[in-house]
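I opened my notebook to look up how one strand sits among its neighbours, and then to look at a patch on the surface. The entries follow in the order in which I looked.

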Amino acid sequence: FEQPTYPGVLSGMLVPVRNAERFLRKGFPYVTLASAITINNDIALDMAASTGWRNIPLFPDFSSYKVIAWSDDAVRMASILVSAREQDDIIYPPDVRTVAQRQIEKLLATHNLHILSSFEHEFNLLHKGTDEPISLSGCYNMHRIAKYAPFFHKVDQNLLKMGINCERLHSEVASGQYEITALPSYGIKGADDAMWIRNGLKEMSEKYEDWRATFVTHLPSLDGFSVIEDDSGAHFNYSLHDTKKGNNIGFAPTAKYFLGGVLHHIRGITAFCCPTPICYTTRFSSPWVSSFGNWGKHNRTTLVRVKGDHFELRLPSSLANPYLVTAAVICAGMHGIEQKIAPPKEVAADMVSEDQRMQKERYTFALPSTLREAVQALQEDQVLKKGLNERF
């Protein structure tokens, strides 16, 4: 019985099969203390104390059931994701998966739109004990893939057995850095897939190779090759699909307003996309992550790249919680549709080479430069606070 937490890891308890039915029917008693674990493995005691340190019953989403493909054949493990009921919101803030699920359901009920989404996760593989990268630097270097092909094959096949279809995997710029991308899925499964990829890579790296997989935004390069492009990001790709017509709406007016809402609220969204201080020390120095709320067609230097019939938000770091990114984007996008918020002018040129005057014509907001500033922007964003559940 597992619940995704704020840092984007799975928290839960192991239950023998013989005892599972009772919890499946009546809910699993879960201590609120576990839900208050932070990204640094501290515990937000004030959050847990506000409930009187009580347990909250969590109920299963049966569609999330998966047999964990990399568990030992002799001791097979399965997972089912659990969440609290809405009536318990007054006791404890909703969990991150519930926050995302409610936004997905509201998008469907209010606007007849499905979201199809996936994340592109960059990560580093390090030798345990020494923390040395398993390979030297080199983007798209096939030798860095071929050398460890048996490991990457196991990762692909295990994830596929769990219903997660990896589209591609390649080496990235920094030493030991790679990127994995799943094919997009509808609804909450897009975020579920991202969560399983992150947690699965960590577990499989240790199980099969005695490596450590890390999604920390920035690591120093031990081979002397260190560039600003070596941050680990998690681009969020999404498209909107009309449930009545059964088609991808592409860059139709509704999608433009959705984009306008995202960019209008991008300062508050940044708190979810860049959840650690290190995100702000290096990430926005890269030419591939814009510091402004802008967009462009097939333009890698903008914050949102329009890639034909879908959109790529390039802001999230690999440590970003996929559920919170999904929820925040949908919440802001719906506000854009409802208020018909037009996005700023398209950036048709390279943002790196544009002068300051041209840049300012093509964005509405500059992104926060620190985590403190991003959290303050989120606190001041009434649309995100109300839409995502203010207590949360």
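Entry one. In this model, which is predicted, I looked for what stands opposite valine 304, and I found leucine 313 of strand E17 there. I then noted that E16 and E17, the latter covering residues 310–313, pair in the antiparallel sense over four bridges. Two residues lie between the strands of this hairpin, where I saw that glycine 308 takes a positive phi near 75°.

Entry two. I turned to strand E15, residues 295–297, which pairs with E16 in the parallel sense over three bridges. Here the bridge partner of valine 304 is tryptophan 295.

Entry three. Which way do the side chains of E16 point? I wrote down that Val304 and Val306 point one way from this strand, residues 304–307, while Arg305 and Lys307 point the other way, and that all are buried. I added the general rule that side chains in a regular strand alternate between the two faces of the sheet.

Entry four. On the surface I looked up a nonpolar patch of about 320 Å², which is made by Leu14, Val75 and Met77. Methionine 77 is found in the loop between strand E5 (66–67) and strand E6 (78–79). I recorded methionine 77 as partly exposed, because its relative accessible area is 35%, and partly exposed covers values between the 20% and 50% cut-offs.

Entry five. For the whole protein I counted 14 helices and 17 strands, and I noted that 55% of its 392 residues count as buried. The protein exposes about 17400 Å², of which carbon and sulfur atoms supply 54%.

Note on methods. Residues are numbered from 1 along each chain as its sequence is written. This is a predicted model: local features need pLDDT of at least 70, side-chain atom pairs count only at pLDDT 80 or more; totals for chains, interfaces and linings use all residues. Side-chain values use heavy atoms; hydrogens and water are left out. Buried means under 20% relative accessible area, exposed over 50%, partly exposed in between (1.4 Å probe, protein chains only). Two strands pair if DSSP finds at least two bridges between them. Patches are made of residues with over 30% relative accessible area and no salt bridge: like charges are joined within 9 Å, nonpolar side chains (Val, Leu, Ile, Met, Phe, Trp, Tyr) within 5 Å. Accessible areas come from the Shrake-Rupley method with a 1.4 Å probe; for residues, only the protein chains shown count as cover. A salt bridge is a side-chain nitrogen of Lys or Arg within 4 Å of a carboxyl oxygen of Asp or Glu.
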